[in-house]
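Here is a friendly walk through one structure, sheet by sheet and helix by helix. Have the chain open beside you as you read.

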Amino acid sequence: MLRDRGDWPTNGERISADREKFHYRTADGATLVTVVRRDTPDGKRIHREPKGVKAPAGGYPLYRLDSILANHDKPLLVVEGEGTAETAVYLFGDRYEVTTAVGGAGKAGQTDWTPSRSRDVVIWPDADEPGRKHADEVAELCHQACARSVRIVDTKGLPTGWDLADPINGYDIERAVSDSVPVPIEQEPSQKQNRYSRALSMAELYEAPDDDVKWRVHDLLPWGGLSILSARPKAGKSTLARTGAMAVATGQPWLGREVAQAPVLVCAFEEIKAAVVRHYRAMGAIPDMPLHFHIGPPPSDPLPWLEAEVERIKPGLVIIDPLFKALNVEDGNSYAEVGRALDPLLALARSSGAHIMAVHHNRKGAGDAAGDEVLGSTSLFAGVDTLLSLKRSTEGNRFISSTQRYGVDMEPTLLRLDPATMWISAAGTRAETAARETAQHVFDFLANAAEQIPTNEIVDGVDHRRTQVLAALKLLLGEGRVVRSGSGKRNDPHLYATA
């Protein structure tokens, strides 16, 4: 029954009769473009405001995107045209999220269909050949966006040009939806030209907006990105990952970098619950923080489970510890097998906007090239946006560095663990750490001198590399612990003494 409203509207247009403007809004609620429809004596006129708005790189947003994103459990009903969409909301809005695409038939490829991911989709085409071709294209795009299922209402035999806003006595629209025809996933590459399969010309590439990379952790972990935190066993990578989870959940800086706060999903497949709880308590976690956990062996089919949890929780950061527990691979050294197994994780990150950080092991022996230390196939390093490398020095110090697809690589940076709060913080780069250690030796040398000392004698007396001594002197000068005289010219060298 039609929501107990009595009957089909006697005039489908009346649902939107007082509407001339239909707004297409982005995920953050901003209006990108408004479609204006006016009935004039010489026919219907349609234009867009503002004029000349180009499709974003990902495509135009779907109509009523805000409602679609707010109701993730409802299937999609796709129609053609904003007026028809408003009528469909009247008829089916209690059970479906109704939408349409900018431009109508033939323009589906300009729209971002990723909100159809993991949903059941029903497409109601106009009763003409362009409408049915449009429905086929929408079905293909929804499949490519990983919709759960796609069905098309059969409009054959109806008056040409008929759509859902046009009443027909005796026509059972409820039955039409329930009898809609499933559209199978195409096994062969489509020959249709759409934004997924068609190469862009240089002119089209120039027309696309320059979208800056958005960061979950500034200049380190991008939104919708995939990273690996890699280290030798017992180097502290799980502990470091937990501090990252706490930082994102609370919005506090991590490793000295600003963080965009968001819910976090932690998958600790090898951890003991008591140890995890003890660490988060030490860091100050409280029950109402947006932290979500799976602790213990992974589900039997981990990737579908992970997709469902990401859909439910909508995290900004997902931590998988360790990586291979979530990937069903038989040969971790097979480039093709590991690459195929990694693809769904990358697709999940891109489609959900969550950053997925996977904890992984380093190999025993590795070369000097970036990524050589990662255990397994080089496709792991090739497939991620950020590689975080955690290494332990012979003195027991831990340093972290990064190799990144976006942003600037992090120089090796010393990490400090607060034993009371179990919080790990960045204590300066390896070069800064070396300069500070050298600075103390330089200061002690100058403190024991009876007079001002030139640079060369300091270098010989401290027995450090010249570059380290110069960096140490600069640091000590900046802190005001030493003073300098002389111009630094040949006959007037710089002379140093303690302040």
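Helices (H or I, at least four residues) and strands (E, at least two) are runs assigned by DSSP and numbered from the N terminus. Please keep in mind that the model is predicted.

## The five-stranded sheet

Let us begin with an open sheet of five strands, whose order is 5-4-6-7-8 and whose pairing is mixed. Its edges are strand 5 (97–99) and strand 8 (181–182), each of which pairs on one side only. Strand 4 (residues 76–78) runs parallel to strand 5, and three bridges join the two. If you would like a residue pair to look for here, L77 stands opposite V98 in strand 5.

Helix 3 (residues 129–144) packs on this sheet, where it touches strand 4, strand 6 (120–123) and strand 7 (149–152). The direction of helix 3 makes about 175° with that of strand 7.

## A salt bridge beside strand 5

The model has eleven salt bridges. One of the participants is worth a visit while you are still at the sheet: E97 meets K74, side chain to side chain, with 3.4 Å from N to O. E97 belongs to strand 5, while K74 sits in the loop between helix 1 (65–70) and strand 4, so this salt bridge ties together parts that are 23 residues apart in sequence.

## Helix 6 against helix 7

Further along the chain, helix 6 (residues 237–250) and helix 7 (residues 273–282) have axes that come within 11 Å and cross at roughly 50°. That angle is neither under 35 degrees nor in the 65 to 115 range, and the two helices are therefore oblique to each other. The crossing of helix 6 past helix 7 is right-handed.

Which residues make the contact? From helix 6 come T239, R242, T243, A245 and M246, and from helix 7 come V276, H279 and Y280. Sorted by class, this contact has four nonpolar, three polar and one charged residues.

## The three-stranded sheet

Now move to an open sheet of three strands, with the order 20-22-21 and antiparallel pairing. Strand 20 (453–454) and strand 21 (482–485) are its edge strands, each pairing on one side only. Strand 20 pairs with strand 22 (residues 495–498) over two bridges, in the antiparallel sense. Within that pair, I453 stands opposite Y496 in strand 22.

Helices lie across these strands as well. Helix 11 (residues 430–447) lies across strand 20, strand 21 and strand 22, and runs at about 90° to strand 22. Helix 13 (residues 466–479) lies across strand 21 and strand 22, at about 105° to strand 21.

## Helix 12 against helix 13

Helix 13 also has a helical partner. Its axis and that of helix 12 (residues 455–462) come within 10 Å and cross at roughly 115°. How are the two helices oriented, then? Helix 12 and helix 13 are roughly perpendicular to each other, and their crossing is right-handed.

On the helix 12 side, T455, N456, I458 and V459 take part, and they meet R466, V469, L470 and L473 of helix 13. By class, the contact between helix 12 and helix 13 has five nonpolar, two polar and one charged residues.

## Backbone spots to check

Most residues other than glycine have a negative phi, and most peptide bonds are trans. With that in mind, here are some exceptions to look up. Where are the cis peptide bonds? One joins E49 and P50, with omega about -10°; P50 is placed in the loop between strand 3 (43–49) and helix 1. Another joins D321 and P322, with omega about 0°, and P322 is found in the loop between strand 14 (317–321) and helix 9 (335–352).

Positive phi values turn up too. R64, a residue other than glycine, has a phi near 65° and lies in the loop between strand 3 and helix 1. K314, again a residue other than glycine, has a positive phi near 55°; K314 has its place in the loop between helix 8 (302–313) and strand 14.

Terms used:
Residues are numbered from 1 along each chain as its sequence is written. This is a predicted model: local features need pLDDT of at least 70, side-chain atom pairs count only at pLDDT 80 or more; totals for chains, interfaces and linings use all residues. Side-chain values use heavy atoms; hydrogens and water are left out. Two strands pair if DSSP finds at least two bridges between them. Contact means heavy atoms within 4.5 Å. Axes are lines fitted to C-alpha atoms, for helices over the stretch in contact, and angles run from 0 to 180 degrees between N-to-C directions. Angles under 35 degrees count as roughly parallel, over 145 as roughly antiparallel, 65 to 115 as roughly perpendicular and the rest as oblique. A crossing is left-handed if the near helix is turned anticlockwise from the far one by less than a right angle, and right-handed if clockwise. Ala, Val, Leu, Ile, Met, Phe, Trp, Tyr, Cys and Pro count as nonpolar, Asp, Glu, Lys and Arg as charged, and the others, Gly among them, as polar. A salt bridge is a side-chain nitrogen of Lys or Arg within 4 Å of a carboxyl oxygen of Asp or Glu.
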